[in-house]
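Trainee: I'd like to go through this one label by label. Can you take me through the reasoning behind each term?

Mentor: Sure, let's have it on screen.

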Amino acid sequence: MKKILSLLLSLLLLFGAGCSETEQKTESRVTTEINEDAIKFKITSNPRADLDVEVAPEITSTYGLMRVHFIDVGQGDCAFIELGNGQTMLIDAGNNENGDEIVKYIEDLQYSDIDYVVATHPHEDHIGGMTEIIENFDIDIFYMPWSISTSYTYENMLDTLSEKRVEVHKAELGRTIFSSGPIEITVLSPEEDTEYSDLNDASAVVRLQYGETVFLFTGDAGEMIEEDLCDFNIDSDVLKVGHHGSETSSSEAFIQKVSPEIAIISCGENNSYGHPDEITLEILKEYDADIYRTDESGTIIITADQNKKISVDKKSSPIKEKAPPTVVSEVKEEEITEEISEDISNKNYVYRTATGKKFHRYGCSYLKSKFEITIEDARRRGLTPCSRCQP
């Protein structure tokens with residue numbers, strides 16, 4: 001315990017997580033200015049060209065679609081987010097045994113750095129793979145509540161944060177993780193300087209807004225916290241259901257206030273806790289939420305624009321051995337879903353790099369990075385065939 005307190009204190013002193021309100025505002029302003037410069041560079045160098053779905057015409061061209069990957073980590077939580085400005089975010093990192101697989105999943109998406117990482121609370125099924133994340137990616141800012149656990153997993157995470165000198169900020173009510181243009185990411189809980197008898201209730205609750213589209217991530221927060229959250233604007237299009245669908249979360253009053261179109265439940269197949277609880281499922285159905293579960297579908301990828309056009313793609317999971325095949329289903333608007341379905345049904349695929357002007361066969365030596373694309377879409381983008389592999 002003394003070592004853990006010492007590590008937390010050193011992180012606090014190193015990055016000023018306990019600064020005054022004035023200092024926090026100054027820090028927030030400086031961070032935002034730096035991030036905006038980074039965004040301009042990222043948009044110029046790679047304007048979300050890997051997404052094969054057209055952006056709605058009313059969206060500003062410098063912003064693309066947002067993708068949220070609810071990675072199947074069994075009985076745990078992990079969400080990797082490709083923001084519409086080229087930045088990335090990770091919320092939780094599953095269990096201890098999931099670390100390497102999460103790293104590979106993100107690397108396969110061609111990322112070597114993560115702009116924002118949030119550890120919602122220090123339970124092993126949420127921070128188990130976090131050490132591998134910290135070791136393998138360059139992280140701009142790491143957020144976590146100042147709650148303490150005596151577990152080896154938590155201690156190891158703190159050690160690695162200290163060793164890598166990652167900038168750490170306290171996740172608490174009122175904290176703005178990022179705010180620029182159509183993107184606003186804020187923390188709605190826990191409250192500052194509040195002690196919680198249950199670590200689940202100390203969970204960082206994150207609201208992500210992209211234009212008119214809103215996602216809400218609640219960690220394992222229980223009904224007591226949900227009652228407090230009802231004081232805020234929590235109306236959301238997509239809800240990451242609290243505590244894996246346990247009956248300790250997702251009260252009727254809370255679900256009514258959130259009014260989600262889509263509810264994502266991250267839990268393990270045939271888990272010993274009986275998650276998700278039947279009462280939770282009944283409440284979600286009563287308020288007309290479309291329910292998607294990682295124990296049934298594997299990894300779930302949501303693609304969204306700024307205007308509430310959302311599609312859900314259920315992928316075969318790299319972690320679950322017997323996940324179902326890829327399915328694309330209609331959620332709210334036909335336009336995006338039809339385009340994605342059209343790409344998936346067309347088997348005439350080639351590959352391109354992030355910034356190249358050619359398209360290639362799989363395995364071409366010129367492919368330093370690769371993104372799958374149809375020949376028709378490649379030609380529509382103005383790409384020409386590689387002279388070496390002659391696709």
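Mentor: A salt bridge here is a side-chain nitrogen of Lys or Arg within 4 Å of a carboxyl oxygen of Asp or Glu. Keep in mind that the model is predicted.

Trainee: Then what makes aspartate 193 and lysine 170 a salt bridge?

Mentor: Their side chains come to 3.9 Å, N to O, and the cut-off is 4 Å, so the pair counts. Aspartate 193 sits in the loop between strand E8 (183-189) and strand E9 (205-210), while lysine 170 belongs to strand E6 (residues 167-170), so the contact ties together parts 23 residues apart in sequence. Salt bridges with shared partners also join Lys170, Glu172 and Asp193 into one network.

Trainee: Why is aspartate 193 called exposed or buried, and what about lysine 170?

Mentor: Exposed needs over 50% relative accessible area and buried means under 20%. Aspartate 193 has 65%, so it is exposed. Lysine 170 is at 16%, so it goes down as buried.

Trainee: Which residue forms a salt bridge with aspartate 237?

Mentor: Lysine 308, with the closest N and O atoms 2.9 Å apart. Aspartate 237 lies in the loop between helix H7 (223-229) and strand E11 (238-240), and lysine 308 in the loop between strand E14 (300-304) and strand E15 (310-314), so this pair links parts 71 residues apart in sequence. Aspartate 237 has a relative accessible area of 4%, so it is buried. Lysine 308 has 28%, so it is partly exposed.

Trainee: How do you know where lysine 104 and aspartate 108 lie?

Mentor: Both are in helix H3 (residues 99-108), 4 residues apart, which is about one turn of the helix. Their closest N and O atoms are 2.8 Å apart, and they form a salt bridge. Aspartate 108 has 47% relative accessibility, so partly exposed is the right label. The whole structure holds 8 salt bridges.

Trainee: On to the nonpolar side: what makes a set of residues a core?

Mentor: They must be buried nonpolar residues joined through side-chain atoms within 4.5 Å. The largest such core has 34 residues, and Phe217 and Ile302 have the most contacts inside it. Leaving aside neighbours within four places in sequence, isoleucine 302 is in contact with residues including Met66, Val68, Phe70, Phe215, Ile264 and Val312. Apart from that core lies another, of 30 residues, with Ile102, Ile106, Ile133 and Ile139 among them.

Trainee: Which residues do ring pairs link into a cluster?

Mentor: Phe70, Phe215 and Phe217. A search of the whole structure gives 4 aromatic pairs.

Trainee: Why are strand E7 (176-180) and strand E13 (290-293) said to stand at the edges?

Mentor: The open sheet has 7 strands in the order E7-E8-E9-E10-E11-E12-E13, with mixed pairing. E7 and E13 each have a single partner strand, so one side of each is left without a neighbour in the sheet. From one strand to the next, the twist averages 20°.

Trainee: How do you know that strand E12 (residues 262-265) and E13 pair?

Mentor: Pairing takes at least two bridges, and these strands have 4, in the parallel sense, so they qualify. Alanine 263, for instance, has isoleucine 291 in E13 as its bridge partner. Helix H9 (residues 278-286) packs on the sheet, touching E12 and E13, and its direction makes about 145° with that of E13.

Conventions:
Residues are numbered from 1 along each chain as its sequence is written. This is a predicted model: local features need pLDDT of at least 70, side-chain atom pairs count only at pLDDT 80 or more; totals for chains, interfaces and linings use all residues. Side-chain values use heavy atoms; hydrogens and water are left out. Helices (H or I, at least four residues) and strands (E, at least two) are DSSP runs, numbered from the N terminus. Buried means under 20% relative accessible area, exposed over 50%, partly exposed in between (1.4 Å probe, protein chains only). Contact means heavy atoms within 4.5 Å. Rings of Phe, Tyr and Trp (its six-membered ring) pair if their centres lie within 6.5 Å; planes under 30 degrees apart count as stacked, over 60 as edge-to-face and the rest as tilted. Axes are lines fitted to C-alpha atoms, for helices over the stretch in contact, and angles run from 0 to 180 degrees between N-to-C directions.
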